[in-house]
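Me: I should like to look closely at one part of this protein and to understand how it sits among its neighbours. Please take me through that part step by step.

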Amino acid sequence: MKKLFIIFLIILSACTSYNNENKVSLKEKQRDEDIQNCKYYGFAEGTSEYSNCLMKLDNARNHSKMLKCENVRRDNSNSGVTGFWGGVLLGMRENLACN
């Protein structure tokens, strides 16, 4: 039984290290998508138009996130939720939208 447990731990650790090596952050994925979008629209790498395309896509994403955060904060303040757990849940909702 002890050997089986050790084998299980070895397999589990191998899986987690494999997953950590292959994870790509959300920002990297978004950046790759932005690059592909700008190339799709015909902007050549290294040009000012290409840089402006990337900047506009990033600004649009940030603006959208800011609006979502403001909406969640407004909804939370008007929700009428009371109590400890209500506050915890509202705080978690705001953290998800604003961070």
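The part in question is helix α3, residues 48-77. Which residues of α3 are buried, and against which elements do they pack?

Reply: The account below begins with the whole chain and then follows helix α3. The model is a predicted one, and every value given here is computed from it.

The protein contains four helices and zero strands, and from the N terminus its elements run α-α-α-α. Of its 99 residues, 12% are buried. Among the contacts with a separation of 6 or more, 31% join residues 24 or more positions apart.

Helix α3 takes in residues 48-77. Its length can be checked by a simple calculation: at 1.5 Å a residue, the 30 residues of α3 should span 44 Å, and the C-alpha atoms at its ends are 43 Å apart, which agrees.

The buried residues of α3 are Y50, C53, L54, C69, V72 and N76. They pack against α2 and α4. A general point helps in reading such a list: an α-helix has 3.6 residues a turn, so residues three or four places apart point the same way.

Consider α2 to begin with. The largest nonpolar core of the protein consists of five residues, namely I35, C38, Y50, C53 and L54. Both α2 (26-40) and α3 supply at least two residues of this core, and the largest share, three residues, comes from α3. Within the core, I35 is in contact with Y50 and L54, when its neighbours within four places in sequence are left aside. A core of this kind may be read beside a general tendency: in soluble globular proteins, nonpolar side chains tend to be buried together.

The loop between α2 and α3 also has a part in this region, for F43 lies there. With a relative accessible area of 31%, F43 is partly exposed, because that value falls between the limits of 20% for buried and 50% for exposed. Residues up to four places away in sequence not being counted, F43 touches C38, E49, Y50 and C53. Three of the core residues, C38, Y50 and C53, thus appear among the contacts of F43. The C-alpha atoms of F43 and L54, eleven residues apart along the chain, are separated by 10.0 Å.

Consider next α4, which comprises residues 84-98. Helices α3 and α4 pack at an angle of about 170 degrees, and their axes are 8 Å apart. That angle makes α3 roughly antiparallel to α4, because angles over 145 degrees count as such. On the side of α3 the contact is made by K65, K68, C69, V72, R73, D75 and N76, and on the side of α4 by L90, R93, E94, A97 and C98. By class, this contact has five nonpolar, one polar and six charged residues.

The last residues of α3 show how neighbours in sequence may be placed. N76 lies in helix α3 and is buried, its relative accessible area being 10%. Residues up to four places away in sequence apart, N76 touches L90, R93 and E94, and these three residues belong to the α4 side of the contact. S77 has its place in helix α3 as well, yet S77 is exposed, with a relative accessible area of 58%. The C-alpha atoms of S77 and L90 are 9.0 Å apart, with their positions 13 residues apart along the chain.

To return to the request, the buried residues of α3 pack against α2 and α4: Y50, C53 and L54 belong to the largest nonpolar core, while C69, V72 and N76 take part in the contact with α4.

Conventions
Residues numbered from 1 in each chain as written. Predicted model: local features only at pLDDT ≥ 70, side-chain atom pairs only at ≥ 80, totals over all residues. Heavy atoms only, no water. Axes fitted to C-alpha atoms, helices over the stretch in contact; angles between N-to-C directions. Parallel < 35°, antiparallel > 145°, perpendicular 65-115°, else oblique. Contact = heavy atoms within 4.5 Å. Nonpolar A, V, L, I, M, F, W, Y, C, P; charged D, E, K, R; others polar. Core = buried A, V, L, I, M, F, W, Y, C linked by side-chain atoms within 4.5 Å. Buried < 20%, exposed > 50% of the residue type's maximum accessible area, 1.4 Å probe, protein only. Expected span 1.5 Å × (residues − 1).
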